[in-house]
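User: I would like to go through this model slowly, with a reason for each word that is used. Please set every value beside its definition before you conclude anything.

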Amino acid sequence: MATIPAVTRISSRLIRILGCNPGPMTLQGTNTYLIGSGRKRILLDTGDANVKDYIGHLRTVLMDERVLINDIIISHWHHDHVGGVDDILDFIDNKGIFLNDHTCNVWKFPRSDAPEPEVRNTTIKQLKDGQIFTTEGATLKVIHTPGHTTDHVVLVLQEDNSLFSADCILGEGTTVFEDLYLYMKSLETVLNAKPSIIYPGHGNIVNDPVERVTEYINHRNHREKQIFGVFEENPDKQYNEMDVVRAVYKETPEHLWTAAAYNVNHHLKKLTIEGKLLECVDGEGGNCWKYVAAASL
């Protein structure tokens with residue numbers, strides 16, 4: 001894993017500021033991006049709350065560039081992407097380093113499964129699928145890509161067809177998801193955009209975007225084929241998540257089976273949506289699944 005500096009000038013229109021919040025789920029930290037080449041720019045994502053190093057780096061960039069943040073776009077509700085909003089608005093409003101009448105807009109696609117995160121310093125404006133943001137040097141198109149979360153979006157920088165993938169595609173490894181069926185559709189959406197480069201929410205720049213997204217899709221399809229194979233080979237039996245884990249994850253250490261069961265559950269739900277499996281209840285009242293052909297006999 002290549003080290004990501006605290007601040008990286010990627011191009012004349014793009015500066016990456018690392019969120020300084022490393023962890024198992026955030027890798028080296030959340031990547032935030034200052035986009036545009038003029039005085040008023042767009043910030044994508046804000047890192048975690050109360051991270052003084054991040055706010056310090058961001059403020060230094062804004063001072064050195066002598067620019068304003070005109071819009072903050074939040075890719076999705078997770079704390080490591082939205083958490084820093086109030087801290088950023090605090091120093092914009094209170095430090096007297098910008099125009100006194102300047103207002104920074106905060107944008108996010110609405111969640112469909114829960115209330116929105118609380119932001120004390122402003123009212124969040126609602127992003128729309130296909131919405132266009134323009135600033136000097138950059139034109140951004142919003143694309144709703146649910147699956148990781150219901151509100152997840154990616155942004156396409158139209159000048160060079162690069163794509164900000166947030167947590168849909170990572171710089172290293174694979175991501176987690178709330179809904180595999182929607183996530184796979186979102187991967188196809190990203191693939192169809194044919195991005196020239198991907199700037200992820202975590203990890204380093206993806207210079208082979210088509211190959212990387214295809215790899216994500218193939219990995220999930222391979223695992224799904226293994227899972228569905230358990231039911232095809234035993235069409236009269238029913239299985240719960242852990243039954244499938246025991247059959248498919250034989251080479252995985254047993255202490256990791258609980259985590260594997262989480263992913264298996266998502267695959268089972270996707271196969272149910274597609275009509276390939278039937279969800280039912282076992283003798284102990286727990287969820288289980290069986291082959292649809294067996295259910296219809």
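Analyst: Two helices make a good start: Glu-241, Met-242, Val-244, Val-245 and Arg-246 in α6 meet Trp-257, Thr-258, Ala-260, Ala-261, Val-264, Asn-265 and Leu-268 in α7, where contact means heavy atoms within 4.5 Å. The residues of this contact divide into 8 nonpolar, 2 polar and 2 charged, with Ala, Val, Leu, Ile, Met, Phe, Trp, Tyr, Cys and Pro taken as nonpolar, Asp, Glu, Lys and Arg as charged, and the others, Gly among them, as polar. The model is predicted, so that local features need pLDDT of at least 70 and side-chain atom pairs count only at pLDDT 80 or more, while totals for chains, interfaces and linings use all residues. Residues are numbered from 1 along each chain as its sequence is written, and side-chain values use heavy atoms, with hydrogens and water left out.

User: What makes α6 roughly perpendicular to α7?

Analyst: The axes of α6 (residues 241-248) and α7 come within 9 Å and cross at roughly 110°. Because angles of 65 to 115 degrees count as roughly perpendicular (under 35 is roughly parallel, over 145 roughly antiparallel, and the rest oblique), α6 is roughly perpendicular to α7. The axes are lines fitted to C-alpha atoms, for helices over the stretch in contact, and the angles run from 0 to 180 degrees between N-to-C directions.

User: Which angle leads to the description of α4 and α7?

Analyst: The axes of α4 and α7 come within 8 Å and cross at roughly 80°, and therefore α4 is also roughly perpendicular to α7. Leu-180, Tyr-181 and Met-184 of α4 make this contact with His-266, His-267, Lys-270 and Ile-273 of α7. By class, these residues are 4 nonpolar, 2 polar and 1 charged.

User: How many helices and strands does the chain have?

Analyst: The chain has 8 helices and 15 strands, a helix being a DSSP run of H or I of at least four residues and a strand a run of E of at least two, each numbered from the N terminus.

User: Why is Arg-66 called exposed, and why is His-219 called partly exposed?

Analyst: A residue is buried under 20% relative accessible area, exposed over 50%, and partly exposed in between (1.4 Å probe, protein chains only). Arg-66 has 65% relative accessibility and so counts as exposed, and its place is in the loop between α1 (52-65) and β5 (68-74). His-219, in helix α5, has 35% and is therefore partly exposed. Asp-243 has 28% and so counts as partly exposed too, with its place in helix α6. Over the chain, buried residues make up 51% of the 297 residues.

User: What is noteworthy about phi of Arg-66?

Analyst: Most residues other than glycine have a negative phi. Phi of Arg-66, however, is near 55°, a positive value in a residue other than glycine. Lys-194 likewise has a positive phi, near 50°; Lys-194 lies in the loop between α4 (180-192) and β12 (198-200) and is exposed, at 58% relative accessible area.

User: What makes one space a cavity and another a pocket?

Analyst: On a 1 Å grid over the protein atoms alone, a cavity is a set of points where a 1.4 Å probe fits but cannot get out, whereas a pocket is an open set with protein on both sides within 12 Å along at least five of seven lines; lining residues have an atom within 4 Å of a point. The rule gives 1 cavity of 30 Å³ or more, and the largest cavity has a volume of about 40 Å³. Thr-174, Thr-175, Phe-177, Tyr-183, Tyr-216, His-219 and Arg-220 line the largest cavity, and α5 gives the largest share of that lining, 3 residues.

User: Which residues lie nearest the centre of the largest pocket?

Analyst: Of the 24 residues that line the largest pocket, Met-25, Leu-170, Thr-174, Thr-175 and Val-176 lie nearest its centre. The largest pocket has a volume of about 530 Å³, a volume being the space filled by probe spheres set on grid points that are joined across faces, edges and corners. The helix α7 gives the most to the lining of the largest pocket, with 4 residues, and by class that lining has 9 nonpolar, 10 polar and 5 charged residues.
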